[in-house]
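I opened this entry to keep a record of what I looked up, beginning with enclosed space and then turning to rings and packing.

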Amino acid sequence: MTPARSLHVVFCWHMHQPDYRDAQGVYRFPWTYLHACKDYVDMLAHLEDNPLARAVFNFVPVLVEQLDDYSAQFQRQDFRDPLLLALATPDLKTLDVTLRHALLEQCFRLDPEHMLNPFPAYRRLYDLWQFIRQDAAEMGDYLSVQYLADLVVWYHLAWTGETLRRRSSLIQRLMAKGSGFDFADRSALLQCLGETITGLLPRYCALAQTGRIEISSTPYQHPIAPLLLDFHAARDGLPAAPLPDCAQYPGGAERVKAQLQDALTSHAQHFGGAPQGIWPAEGGISADFVALLGAEGVQWTASGEGVLGRSLAHSYPDSSAAQGRADYLYRAYRLQGQGPHLFFRDDALSDRIGFDYKTWSGHDAATDFVQRLEGIWRATEGQQAPIVSVILDGENAWEYYPYNGFYFLGELYRALSNHPHLQLCTFADYVREHGDAAQALPVLASGSWVYGNFSTWIGDPAKNRAWDLLCHAKTAVDQEIASFDAQHQEQIRQQLARCEGSDWFWWFGDYNPGEAVRDFDHLYRDHLRQLYALLQLPAPAELDHPISAGGGSAESGGTMRRGQAEGS
């Protein structure tokens with residue numbers, strides 16, 4: 001009897017937070033542990049609850065490092081994150097004025113529709129703050145200690161994920177209480193958050209050990225590797241793109257190899273072995289980078305649909321036959337028939353989860369998604385082992401969903417786990433079972449999962465200026481590092497790696513919200529100053545001037561961008 005033909009479906013959830021720590025190790029933004037309590041737990045719980053579900057979770061090493069750091073803070077009860085410090089402080093009267101004002105600003109930075117308005121007690125705190133902030137410097141000090149206590153508790157309650165709310169009697173009790181939270185309430189909440197965070201990575205490891213999930217990695221501090229290797233990779237997708245004044249990033253190949261090696265080492269330490277796959281930062285890929293991955297024994301990597309389209313155009317420039325997406329997208333490739341297997345995300349499906357389904361009911365969204373997969377299954381009849389790659393952030397979408405996406409993800413995994421023609425798997429599963437089905441790709445274009453090019457990270461005046469500032473700092477590193485002992489050299493390299501992360505360049509641009517751009521701009525320049533301080537050199541005066549002002553109202557607060565421009 002002929003076995004039923006299946007369409008393989010891979011969900012790859014990318015887990016990443018940049019390094020938000022300043023020179024004193026203080027977290028400037030609290031999102032690492034907040035996403036850990038909300039999104040990383042919820043994403044995991046759906047897999048724990050469904051033994052037939054399969055998915056890939058891509059943990060960037062710098063995120064894992066920060067989760068380790070937060071676990072240590074909880075174990076020592078020595079908090080460097082201002083929000084946790086507020087929960088842990090017995091008498092909030094002792095908080096200095098600067099920290100009090102910082103709490104007032106931070107504790108309303110969330111999506112109001114799904115994380116503020118559903119909670120009347122929290123909304124009342126917000127309405128009062130809206131009146132006070134008309135003259136925050138003067139009137140903010142009139143807010144009582146009880147107001148601050150209620151505010152910091154409600155902020156954390158809003159950031160608990162749906163599964164934690166449903167399973168924790170403490171969270172339910174605090175939400176029912178609504179106001180008048182005392183130190184005992186704050187201490188109990190702090191303990192709950194600590195248990196959640198310290199238990200997070202072991203829970204992921206447990207699922208990985210049974211083969212129910214695959215854990216992949218990314219070069220350590222999430223750099224755009226093809227741009228470190230060659231700025232001209234930007235012109236593969238945009239031939240007229242302006243480039244930085246510096247011709248290239250000094251020693252880029254060495255830096256990419258170092259960040260990749262650090263990632264492999266970190267992954268082995270935390271997850272018990274080398275990762276089989278590397279999701280490159282932002283899906284940023286090039287032939288040179290793929291060659292480096294192959295040299296390290298990496299079995300698979302992935303990028304965006306736009307990169308595949310241009311790769312095929314480069315590979316077959318004389319081909320005039322138009323092809324539908326089903327004819328080329330839903331398969332694995334290998335560059336010139338060797339090296340890592342290459343997978344390319346279905347931009348339309350991935351972006352529907354990232355941007356569109358947030359306004360749908362969970363049932364309707366899951367039904368629509370499954371029907372679209374069934375359409376692909378029918379369109380790929382005759383293909384050997386077709387595969388759909390759905391790749392997106394594992395945290396940024398869900399705060400815009402009702403109930404943090406609980407009903408959508410639950411119904412989606414259930415529907416797919418029991419479907420006769422759709423088979424959930426991981427990329428490692430696919431390579432092991434169907435690796436020989438990969439098609440040779442003669443030429444690989446350079447690009448990312450956003451629009452298939454690198455315009456999000458290079459090519460406009462602000463982004464190019466940021467690259468030039470980094471190039472100048474790297475030149476200083478190359479000139480001075482040999483004069484320090486080995487331990488100090490390692491500190492310099494670690495700080496340099498922080499400055500090479502992709503997120504700084506992502507935020508520069510007038511299409512992003514001004515408040516977020518301001519914060520990241522300041523922290524990026526601060527990281528560069530720290531690098532010069534480690535080199536015992538004065539920081540250039542140009543680091544005193546902002547790089548970008550922002551000013552847009554980007555979709556999802558600027559934390560995500562679509563794989564293709566709307567309407568394309």
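**Cavities.** I first sorted the lining of the largest cavity by class and noted two nonpolar, five polar and three charged residues. The model is a predicted one, and I read every entry below with that in mind. The residues that line this largest cavity are His-16, Pro-18, Asp-19, Gln-221, His-222, Arg-498, Gly-501, Ser-502, Asp-503 and Trp-504. I put the space inside the largest cavity at about 60 Å³, and my search of the whole structure returned two cavities of 30 Å³ or more.

**Aromatic rings.** Trp-504, which I had already listed in the cavity lining, came up again in a cluster linked by ring pairs, together with Tyr-20, Phe-29, Trp-31, Phe-231, Trp-467, Phe-505, Trp-507, Phe-508, Phe-520 and Tyr-524. I counted 43 aromatic pairs in the structure. For Phe-11 and Trp-13 I found ring centres 5.6 Å apart and planes at 0 degrees, so I entered this pair as stacked.

**Burial and core.** I then asked how accessible these two residues are: Phe-11 has a relative accessible area of 0% and is buried, and Trp-13, at 1%, is buried as well. Both belong to the largest nonpolar core, which has 187 residues, and they are among those that touch the most other members, along with Phe-59, Tyr-122, Tyr-204 and Ile-353. Leaving aside residues up to four places away in sequence, I listed the contacts of Phe-11 as Ala-55, Val-56, Ile-353, Phe-369, Val-390, Leu-412, Tyr-413, Leu-416 and Leu-424.

**Charges over rings.** Last, I looked up where charged side chains sit over ring faces, and noted Arg-166 over Phe-406 at 4.1 Å from the ring centre, and Lys-358 over Tyr-400 at 5.4 Å from the ring centre.

Note on methods. Residues numbered from 1 in each chain as written. Predicted model: local features only at pLDDT ≥ 70, side-chain atom pairs only at ≥ 80, totals over all residues. Heavy atoms only, no water. Phe/Tyr/Trp six-rings, centres within 6.5 Å; stacked < 30°, edge-to-face > 60°. Buried < 20%, exposed > 50% of the residue type's maximum accessible area, 1.4 Å probe, protein only. Lys NZ or Arg CZ within 6 Å of the ring centre and 35° of its normal. Core = buried A, V, L, I, M, F, W, Y, C linked by side-chain atoms within 4.5 Å. Contact = heavy atoms within 4.5 Å. 1 Å grid on protein atoms, 1.4 Å probe; cavity = no way out; pocket = protein on both sides within 12 Å on 5 of 7 lines; lining within 4 Å. Points joined across faces, edges and corners; volume = space filled by probe spheres on them. Nonpolar A, V, L, I, M, F, W, Y, C, P; charged D, E, K, R; others polar.
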